[in-house]
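Here's a protein chain to explore together. Have a look around it, and then we'll go through what can be read from its atoms.

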Amino acid sequence: HIAFISKCACYVSSSHDGTLRVWSSALKPEIVIPVSEQRASVAINCMVILPEVNKLAITTADRLVAFYELNDSAALHRFGLFARITTLDMAFSLASWTSDSNLVCLAIGDENGHAHLYDLKKLLNLVRTEYDGCRNRESVRPVTAAITDNARLISLQLHTDWVTQISYVNELHTLVSSSLDRSLKLTALEWPMFDVPTDAAGLRELCNEAGTLVGHAKPVHGFVHL
């Protein structure tokens, strides 16, 4: 993956070699960031920019989701590790968006076909508490699902195999996902502008299947919305 971060005027790329690399707008290499505390090569599966919270997030093959800072402050330098979290099943794909109710959402697609939707700001506040006062964040154990579940809005069973890509299409208010099960799925998130239900049962009633695309003979690894 590669993304341009306008506020930093730079590109960031991720790789299966276990590194994030920062490039200047002139495409000159600037920073290399190993994502594993053991400095071993742990593949990065997905990367997404989170401009609403000034973070960058990745999923890695050692079952972690990691967040990196995009601001430069006295507490944490730009591209410094903000926090790591574990998930019950291996996280693979990521997406983020802001709903009409100004709820900033993070979706995590996993190895068992789920999409876990989180209140992103609440999630980051929870993990910030675990890391507060720690100078060496690399040495802190990842925050467990027992804690981060307090920020989880709902888990949706969308597929029967790995969710290879997940994306929110704002114009349709729809979550689109692809999978190794050879299908793509559209899930309408019919959330109101105000008073979004905070319980999973209430939210589930507002998440409706809008269509399933089948026909591929082999796994679907991604898609593009134009």
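## Starting from one leucine

Let's begin with Leu50: leaving out residues up to four places away in sequence, Leu50 touches Lys55, Ala57, Phe67, Ser96, Leu106 and Leu120. Keep in mind that this is a predicted model.

Some of those names come back when we turn to the nonpolar cores. The largest nonpolar core has 25 residues, and Leu50, Phe67, Leu106, Leu120 and Leu123 are the ones with the most contacts inside it. Who supplies this core? At least two residues each come from E5, E7, E8, strand E9 (91-98), strand E10 (104-110) and H1. H1 is the top contributor, giving five residues to this core. There's also another core lying apart from this one; it has 20 residues, including Trp97, Leu156, Leu158 and Cys207.

## The four-strand sheet

Now find the open sheet made of four strands, which run in the order E5-E6-E7-E8 with antiparallel pairing. Which strands stand at the edges? They are E5 (44-50) and E8 (81-86); each has a single partner strand, so one side of each has no neighbour in the sheet. From one strand to the next, the twist averages 20°.

If you're wondering what holds such strands side by side, strands of a sheet pair through backbone hydrogen bonds, in either a parallel or an antiparallel way. Here, strand E6 (residues 55-60) and strand E7 (residues 64-69) pair in the antiparallel sense over six bridges. For a spot to click on, try Leu56, which stands opposite Tyr68 in E7.

What lies across the sheet's strands? Helix H1 (residues 120-131) lies across E5, E6, E7 and E8, and it runs at about 105° to E8.

## Two residues side by side

Let's pick out a couple of residues and see how covered they are. Ser24 lies in strand E3 (residues 19-24), while Thr98 lies in strand E9.

| Residue | Relative accessible area | Contacts beyond four places in sequence |
|---|---|---|
| Ser24 | 11% | Ala9, Cys10, Tyr11 and Glu30 |
| Thr98 | 27% | Glu52, Leu103 and Val104 |

Buried or exposed: where does Ser24 fall? Buried means under 20% relative accessible area, so Ser24, at 11%, counts as buried. Thr98 has 27%, so it's partly exposed. Here's a distance to check on screen, too: Thr98 and Thr160 are 62 residues apart in sequence, and their C-alpha atoms are 27 Å apart in space.

## Zooming out

How many helices and strands are there in the chain? You should find three helices and 16 strands.

What about the overall size? A compact globule of 226 residues would have a radius of gyration near 17 Å, and the chain has 17 Å, so the two agree. Along the principal axes, the C-alpha atoms fill a box of roughly 45 × 40 × 30 Å.

Of the chain's 226 residues, 49% count as buried. As for the outside, the chain exposes about 11,300 Å², with carbon and sulfur atoms supplying 52% of it. Finally, take the contacts with a separation of 6 or more: residues 24 or more positions apart account for 49% of them.

Methods:
Residues numbered from 1 in each chain as written. Predicted model: local features only at pLDDT ≥ 70, side-chain atom pairs only at ≥ 80, totals over all residues. Heavy atoms only, no water. Pairing = 2+ DSSP bridges. Axes fitted to C-alpha atoms, helices over the stretch in contact; angles between N-to-C directions. Contact = heavy atoms within 4.5 Å. Rg over C-alpha atoms; globule rule 2.2 N^0.38 Å. Buried < 20%, exposed > 50% of the residue type's maximum accessible area, 1.4 Å probe, protein only. Areas by Shrake-Rupley, 256 points an atom, 1.4 Å probe, with all protein chains shown as cover. Core = buried A, V, L, I, M, F, W, Y, C linked by side-chain atoms within 4.5 Å.
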